[in-house]
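Me: Please pick one part of this structure and take me through it closely, along with whatever surrounds it. I am a first-year student, and I would like each term explained as we go.

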Amino acid sequence: MDEINIMQQTITEKAKQKFVELYGNIPIVVRSPGRINIIGEHTDYNEGFVLPAAIDKAAYFAISLRDDDDIHLMALDLNETFSVSINDLKPVGDINWPNYILGAVAQFKKKGISLKGFNAVLTSDVPIGAGLSSSAAVECATVFALNELLHANFEKLEMVKMAQKAEHEYAGVMCGIMDQFASMMGKKDHVIKLDCRSLEYTYVPFKLEGIKILLLDTNVKHSLASSEYNTRRKECNQAVMWIKEHEPKVNSLRDVTEVMLNKYVLPKDKLIDMRSRFVVQEINRLEAGCEDLRKDDIKALGKKMFETHDGLSNMYGVSCKELDYLVDFVRDNDAVIGARMMGGGFGGCVINLVKETEINKLIEVIKPAYEHEMKLPLTYYIASIENGTEII
């Protein structure tokens, strides 16, 4: 049995054990992974393409139905419990984590599925606030588990949309569909080229011979991320509206060219031009990056990752000094094929493609340098690409 399976088994047993101790019966356990995104950042809500993959860090949701209308939740890692009746479902103000579960439950109610109460224990090894979509993992786990137990027979794509709505309605973050899609639909050793407009997708092989994914966590938590995220959406929408006045067929930045930006946005507002120009360039960069993968030209893809980071930092304005420091540190290192900040921004992780034999050497140098310079701990994770949401 490989290391990943052993780890999954250990976490599953821990969740089951706690569940039996609390509720006295045997649950089903659903594993739903966090995700990385190789390239294509902030393109999802602009109807562009993204290139995510599910990883070996996941939320584990142990659950069984009750005979009444009560929902009893336990967050094992936080040692917190929460209870509510199905009839009183609404977002919770004072603590955050139940919202990801309750938001998912609410989607079944909205679709007219006859709900039952349930007991659940949640545990996760997806780092929170690292830009690895810990919330999407929980939403997908909940939707998948209830779909199974309530015999609702929703297709995976429908469950992805339900999990996304949970985030919109209960967590108040107007996220695109990428996080939930990658968590639910992931495939081992493949990235997903997802068209965020049509939701058509193809799996692109991503077997990294002698290269590993190294995630460096800045340990800066995104206090700005939600509000700035919603601001960026508005800025992108404004650019589209200005262009649409002249080009009626344009419905999102997916339809926009840099020529259009030069004509209709740049003269009006330099900031909005810069924000939307990043997205237009990033959509083109992703298309070219997929070609690199098909040709097995990982070096060319790595170069594009650095370009993405520079765009996110200088044009889209969602980086921070800690993220920039980590990317600049590895920029001229031959062992690092590509690096960029990942996720919403203002903290979280830098994703690096690193030659496997050089990872320890890199960590030995970068960790003390970062900690000395930024006065923050540097946490790291070595990730592999795994399957999406499934029953263990």
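Reply: Let's begin with a term: two strands pair if DSSP finds at least two bridges between them. The strands themselves (E, at least two residues) and the helices (H or I, at least four residues) are DSSP runs, numbered from the N terminus. Please keep in mind that this is a predicted model, where local features need pLDDT of at least 70, side-chain atom pairs count only at pLDDT 80 or more, and totals for chains, interfaces and linings use all residues. Residues are numbered from 1 along each chain as its sequence is written, and side-chain values use heavy atoms, with hydrogens and water left out.

The part I have picked is a sheet and the helices around it. In general, strands of a sheet pair through backbone hydrogen bonds, either parallel or antiparallel. Here, four strands make an open sheet with antiparallel pairing, and their order is β10-β11-β9-β12. At the edges stand β10 and β12 (379–383), each with a single partner strand, so one side of each has no neighbour in the sheet. From one strand to the next, the twist averages 20 degrees.

Now look at β9 and β11. These two run antiparallel and are joined by seven bridges. To find one partnership yourself, start at Lys 212: its bridge partner in β11 is Val 354.

Next come the helices on this sheet. Directions are compared through axes, which are lines fitted to C-alpha atoms (for helices, over the stretch in contact), and angles run from 0 to 180 degrees between N-to-C directions. Helix α10 lies across β9, β10 and β11, and runs at about 170 degrees to β10. Helix α11 (residues 359–374) also packs on the sheet, where it touches β9, β10, β11 and β12; its direction makes about 20 degrees with that of β9. Touching, or contact, means heavy atoms within 4.5 Å.

Another helix, α9, is linked to this sheet too. The buried residues of α9 pack against β9 (211–217), β10 (336–341) and β11 (349–355), and also against α8 (270–294) and α10 (321–330). Buried means under 20% relative accessible area, exposed means over 50%, and partly exposed lies in between (1.4 Å probe, protein chains only). By that rule, α9 is mostly covered, with twelve of its 17 residues buried. Among them are Ile 298, Leu 301, Met 305, Phe 306 and Leu 312, as well as Lys 304 and His 309.

You can also check the length of α9. The expected span of a helix is 1.5 Å times one less than its number of residues. For α9 (residues 298–314) that gives 24 Å, and the end C-alpha atoms are 25 Å apart, which agrees.

Finally, follow α8 to a second sheet. This one is open, with three strands in the order β2-β7-β8 and antiparallel pairing. Its edge strands, β2 (49–50) and β8 (201–205), each pair on one side only. Five bridges join β7 (residues 190–195) to β8, and Ile 192 stands opposite Tyr 203 in β8. Helix α5 (residues 178–185) packs on this sheet, touching β2, β7 and β8, with its direction at about 140 degrees to that of β7. Helix α8 touches β2, β7 and β8 as well, and its direction makes about 145 degrees with that of β7. That brings us back to α9, since α8 is among the elements that its buried residues pack against.
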